[in-house]
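Thank you all for coming; I would like to walk you through one structure this morning, starting from a single residue and then moving outward. Please have a look at it first.

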Amino acid sequence: MKVSIVVSSFNEQADLPRLLASIKSQTYENVETIIVEGSNNSEMEKIASQYSAIFVRDTKANIGYSRNLGATASSGDLLFFTNADCTMDDKHLLSKIVSKFRASPKLISCGGITKEICTSEVTQLIYNTQHVLRHIFSL
């Protein structure tokens, strides 16, 4: 099962290498990475090529459009959307996700928030999302 990781970015050359390095450190290897860049920064294309990532220019600089461009450029069985300022700290994350999709044919999506923001509403949303993920991973 191939995983396509679609990374939305807008001039984030300081953050992108950290994300790409965390993707390379994943134990699951059947992965393609697609960088969708909303700025005209040529440095971003160089960084993408250093990590063997597919590079797509987003001329509209719109997050929704960016994700759709990345999905169109992908060839994977699973789509994984993230932003350039994120990282995959758990090197087994993709392996865990793929194993759950393989084990649960009715599972069509999962998602989560990895940063806690200090407001009661958002903390509740994060808790609820984590509860849903715990449920999915216990299927």
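In which loop, between which strand and which helix, does alanine 61 lie? In this model, which is a predicted one, alanine 61 sits in the loop that runs between β3 (54–57) and α3 (63–73). With a relative accessible area of 43%, alanine 61 counts as partly exposed, because that value falls between the limits of 20% and 50%. If we set aside the neighbours within four places in sequence, alanine 61 is in contact with Phe10 and Gly38. Glutamate 37, which is 24 residues apart from alanine 61 in sequence, is 7.7 Å apart from alanine 61 in space, taken from C-alpha to C-alpha.

Let me turn to the second largest pocket. The space in that pocket comes to about 160 Å³, and the residues lining the pocket include Leu20, Ile23, Tyr28, Val31 and Tyr51. The elements that contribute two or more residues to this lining are α1 (16–24) and β2 (31–37). By character, the lining divides into 6 nonpolar, 2 polar and 3 charged residues.

Finally, a word on confidence. The mean pLDDT of the chain is 81, with 77% of its residues reaching 70 or more. Among the elements of the chain, β2 has the highest mean pLDDT, at 96, whereas helix α5 (residues 120–137) has the lowest, at 46. The pLDDT is below 50 over residues 114–132, a stretch that nevertheless has 14 contacts in the model beyond near neighbours in sequence.

Methods
Residues are numbered from 1 along each chain as its sequence is written. This is a predicted model: local features need pLDDT of at least 70, side-chain atom pairs count only at pLDDT 80 or more; totals for chains, interfaces and linings use all residues. Side-chain values use heavy atoms; hydrogens and water are left out. Helices (H or I, at least four residues) and strands (E, at least two) are DSSP runs, numbered from the N terminus. Buried means under 20% relative accessible area, exposed over 50%, partly exposed in between (1.4 Å probe, protein chains only). Contact means heavy atoms within 4.5 Å. On a 1 Å grid over the protein atoms alone, a cavity is a set of points where a 1.4 Å probe fits but cannot get out, and a pocket is an open set with protein on both sides within 12 Å along at least five of seven lines; lining residues have an atom within 4 Å of a point. Grid points are joined across faces, edges and corners, and a volume is the space filled by probe spheres set on the points. Ala, Val, Leu, Ile, Met, Phe, Trp, Tyr, Cys and Pro count as nonpolar, Asp, Glu, Lys and Arg as charged, and the others, Gly among them, as polar. pLDDT is the predictor's confidence in each residue, from 0 to 100.
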